[in-house]
Amino acid sequence: MTQLWAGLGNPGAKYAGNRHNVGFMALDRIAADQGAVWRSKFQGEIAEVRFGSEKVWLLKPGTFMNLSGQSVGEAMRFHKLELGDVTVFHDELDLAPGKLRLKQGGGHAGHNGLRSIHQHIGADYARVRIGIGHPGHKDRVSGYVLSDFAKLEDKMLDDLLRGIVDGAPKLAVGDGAGFSNAVALRTTPQRPSSGRKTATERPAPSEPDPEPEVQLSPLQKLARKFR
């Protein structure tokens with residue numbers, strides 16, 4: 001089986017750390033983990049990785065975000081792939097930073113990279129939606145996605161990308177739940193156990209037994225009255 005995983009972003013060092021480039025970041029981590037080598041092809045960069053019997057082509061379009069579909073379409077046609085063989089990794093404004101969701105088909109929600117892919121291959125491909133959060137107002141979206149992740153987000157981003165690498169073998173065999181779980185194990189803080197261990201209860205010390213009453217003779221009882 002052969003698949004195509006396309007990560008979306010803009011080429012060049014200027015954009016490398018942008019939120020819009022998190023799709024590139026995800027594929028870079030997978031390629032590095034597999035020891036794969038990038039080479040120029042299909043108006044972008046491509047690398048081959050394997051997960052068991054599954055061969056996956058990783059593609060980073062070099063056409064800039066707005067023309068991503070040109071590169072994806074060319075690679076898909078060359079390898080004679082169907083829409084069901086394609087998965088796109090992209091930034092998602094409607095998910096909080098560090099969150100990730102899988103989706104099959106659907107609209108492009110104004111994402112220019114997805115819009116271009118829709119135009120070239122159709123809409124019914126799988127997506128790995130990688131949350132980057134929303135700036136709060138639509139007028140700020142362009143500047144926000146083209147800005148770098150904040151320094152305080154470094155650990156969150158690293159955990160998320162590690163989770164994607166952990167789950168990649170599951171994604172390759174169509175186990176979406178396993179993939180999502182692998183990401184969650186990296187990104188969701190482990191909650192402490194709710195049941196608190198209590199010290200073994202010790203029985204309260206018993207009161208000392210009263211001394212047995214001594215049987216006294218009538219004369220001894222009378223003598224005690226006058227002590």
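Helices (H or I, at least four residues) and strands (E, at least two) are DSSP runs, numbered from the N terminus. This is a predicted model, in which local features need pLDDT of at least 70, side-chain atom pairs count only at pLDDT 80 or more, and totals for chains, interfaces and linings use all residues. Residues are numbered from 1 along each chain as its sequence is written, and side-chain values use heavy atoms, with hydrogens and water left out.

**View 1. Elements lining the second largest pocket.** At least two lining residues come from each of β1 (2-7), β5, β6 (100-104), β7 and α5 (154-172). A pocket is an open set of points on a 1 Å grid over the protein atoms alone, where a 1.4 Å probe fits, with protein on both sides within 12 Å along at least five of seven lines; lining residues have an atom within 4 Å of a point.

**View 2. Centre of the second largest pocket.** The space amounts to about 260 Å³, a volume being the space filled by probe spheres set on the points, which are joined across faces, edges and corners. Among the 21 lining residues, Thr-87, Gln-104, Ala-126, Leu-171 and Gly-174 are the closest to the centre of this pocket.

**View 3. Two sides of helix α6.** Residues 176-187 form this helix of twelve residues. Gly-178, Phe-179, Ala-182 and Val-183 are buried (under 20% relative accessible area, 1.4 Å probe, protein chains only). They lie on the same side of α6 because they cover an arc of only 135 degrees around the axis, taken from the directions from the helix axis to the C-beta atoms. On the other side, Ala-177 and Leu-185 are exposed (over 50%).

Key: The expected span of a helix is 1.5 Å times one less than its number of residues.
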